[in-house]
Amino acid sequence: NSAVAGGVVFAVSSGNSNTDACGQSPASAADAITVNSSTSSDARSSFSNYGTCTDIFAPGSGIRSTIMGGGTQSWSGTSMASPHVAGVAALLLDELGDVGSGQVWTVMQDRATRDKISSAGSGSPNLLLYSGTLSGDPCVSAGCPDVEVQWVSNVKVKTNRGKNGSGTVTVQVVESGGAPLSGVTVNGSWTVNTTESFTTSSGVTDGNGMVELGTGGIRFATSFSFCVTSLSGSVADVTGYFASPPPCDVFQEPYDDGGTVDPPPAIGAPISFSATPVQKGRNYRASLEWSGGAATIDVVRDGEAIVAGVSNSGSYNDNLGKNVSGTFVYKVCNAGTLDECSNTDDASF
């Protein structure tokens, strides 16, 4: 748990004793992603542990891999399942950037396939790991806020002696009428030289609701224009959130070396703050989530800052330890302020 708080994402095996994983370590660690084993027919492997201390299922029966000295061999165990989760976590870190374990787990959970595992075991979440980008249920943990594109920067252009060009643009996404929203995938299209169209790679908004999209290098480019085409992720329904035409920005010759970028609107205090009590075995924590806020924030428990001046990732886990009881009152504030704070919410144990 201390290592997770230090920024490491852990995928751990639940164990192979066909029993409740809450009685084993590190399976019972509150902040690790604890993995059960599934078969090729999407059943819980007969040996796999289970229970409320586990988080997700991944393939763990008859997994072929290389062996020392050359060749391959098939193995079974939750230690075969947890590397699948570690691999997807690595893909998510590549996609999302420098985020904490909590946000990695939120996206992994959102994208998992639900209610697929037979005989999952008492207390086990019926989630099967999915490595793609589609969400099985985007509203399961983050809710379903309405979103809109609030700001699209001017296209910024780089050129190389008139032969090669590339364009970048920055997009900001907010909750409708509210604060910036992180974790939204923004897609857009580029038109180069008026007629040649290029689809951008998707990008995911950061804690300020911002993401930069680019064309990559294009030879003999004379003009660039950009349009947002879609949003996806933990949002309710993005259909109709775009004007006609969609939010666009055009940059034509002559090139203004470096282009121009409009300043984004000021970011207000956090909103939509929530605190959720979580018990995993004998370990207790408060899972905090919010949207908006400044680039750095303070996390406040019972009127005192327990974390000050940290990067605004939109989530934080307050590890309270073992056998905790009582009610804790939380909020988040823009760093160093007393009046730019979210609503408060309680976590009771």
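**Figure 1. Pairing of strands β20 and β23 in the predicted model.** Arg301 has Tyr330 as its bridge partner in β23. This view, like those that follow, is taken from a predicted model. Asp298 is likewise matched with a residue of β23, its bridge partner being Cys333. Strand β20 covers residues 296-301 and strand β23 covers residues 327-334; the two run antiparallel and are joined by 5 bridges. Strands of a sheet pair through backbone hydrogen bonds, either parallel or antiparallel.

**Figure 2. The open sheet that contains β20 and β23.** The sheet has 4 strands, arranged in the order β21-β20-β23-β24 with antiparallel pairing. The edge positions are taken by β21 (304-311) and β24 (345-348); each has a single partner strand, so one side of each lacks a neighbour in the sheet. From one strand to the next, the twist averages 25 degrees. The pairing of β23 with β24 is antiparallel and extends over 4 bridges. Within this pairing, Phe328 stands opposite Ala347 in β24.

**Figure 3. Strand β2 and its two parallel partners.** Strand β2 comprises residues 33-38, and 6 of its 6 residues are buried. In a regular strand the side chains alternate between the two faces of the sheet. Both faces of β2 are covered: Ile33, Val35 and Ser37 are buried on one side, while Thr34, Asn36 and Ser38 are buried on the other. Strand β1 (residues 11-13) runs parallel to β2 and is joined to it by 3 bridges. In this pairing, Val12 has Thr34 of β2 as its bridge partner. Strand β3 (residues 56-59) also runs parallel to β2, the two being joined by 4 bridges. Here Ser38 stands opposite Pro59 in β3.

**Figure 4. The crossing of helices α2 and α3.** Helix α2 spans residues 78-96 and helix α3 spans residues 101-111; their axes come within 10 Å and cross at roughly 110 degrees. An angle of 65 to 115 degrees counts as roughly perpendicular, and α2 is therefore roughly perpendicular to α3. The crossing in which α2 passes α3 is right-handed. On the α2 side, the contact is made by Val85, Val88, Ala89, Leu92, Leu93, Glu95 and Leu96; on the α3 side, it is made by Gln103, Val104, Val107, Met108 and Arg111. Sorted by class, the contact comprises 9 nonpolar, 1 polar and 2 charged residues.

**Figure 5. The enclosure of helix α3.** Of the 11 residues of α3, 10 are buried, so the helix is largely enclosed by the rest of the structure. The buried residues of α3 are Ser101, Gln103, Val104, Trp105, Thr106, Val107, Met108, Gln109, Asp110 and Arg111. Among them, Gln103, Val104, Val107, Met108 and Arg111 also take part in the contact with α2.

**Figure 6. The surroundings of Ile67.** Ile67 is located in the loop between β4 (63-66) and β5 (72-75). With a relative accessible area of 27%, Ile67 is partly exposed, since this class lies between the limits of 20% for buried and 50% for exposed. Apart from residues up to four places away in sequence, Ile67 touches Thr72, Gln73 and Trp75.

**Figure 7. The surroundings of Thr205.** Thr205 occupies a place in the loop between β13 (203-204) and β14 (210-214). Its relative accessibility is 3%, and Thr205 therefore counts as buried. When residues up to four places away in sequence are not counted, Thr205 touches Val173, Leu181, Ser182, Gly183, Val184, Val186, Met210 and Val211.

**Figure 8. The surroundings of Glu212.** Glu212 belongs to strand β14. At 56% relative accessibility, Glu212 counts as exposed. Leaving aside neighbours within four places in sequence, Glu212 is in contact with Thr168, Val169 and Thr170. Glu212 and Val152 are 60 residues apart in sequence, and their C-alpha atoms are 9.8 Å apart in space.

**Figure 9. The chain as the setting of the close-up views.** The chain contains 3 helices and 24 strands. It has 349 residues, of which 43% count as buried. Among the contacts in the chain with a separation of 6 or more, 61% are between residues 24 or more positions apart.

Technical notes. Residues are numbered from 1 along each chain as its sequence is written. This is a predicted model: local features need pLDDT of at least 70, side-chain atom pairs count only at pLDDT 80 or more; totals for chains, interfaces and linings use all residues. Side-chain values use heavy atoms; hydrogens and water are left out. Axes are lines fitted to C-alpha atoms, for helices over the stretch in contact, and angles run from 0 to 180 degrees between N-to-C directions. Angles under 35 degrees count as roughly parallel, over 145 as roughly antiparallel, 65 to 115 as roughly perpendicular and the rest as oblique. A crossing is left-handed if the near helix is turned anticlockwise from the far one by less than a right angle, and right-handed if clockwise. Contact means heavy atoms within 4.5 Å. Ala, Val, Leu, Ile, Met, Phe, Trp, Tyr, Cys and Pro count as nonpolar, Asp, Glu, Lys and Arg as charged, and the others, Gly among them, as polar. Buried means under 20% relative accessible area, exposed over 50%, partly exposed in between (1.4 Å probe, protein chains only). Two strands pair if DSSP finds at least two bridges between them.
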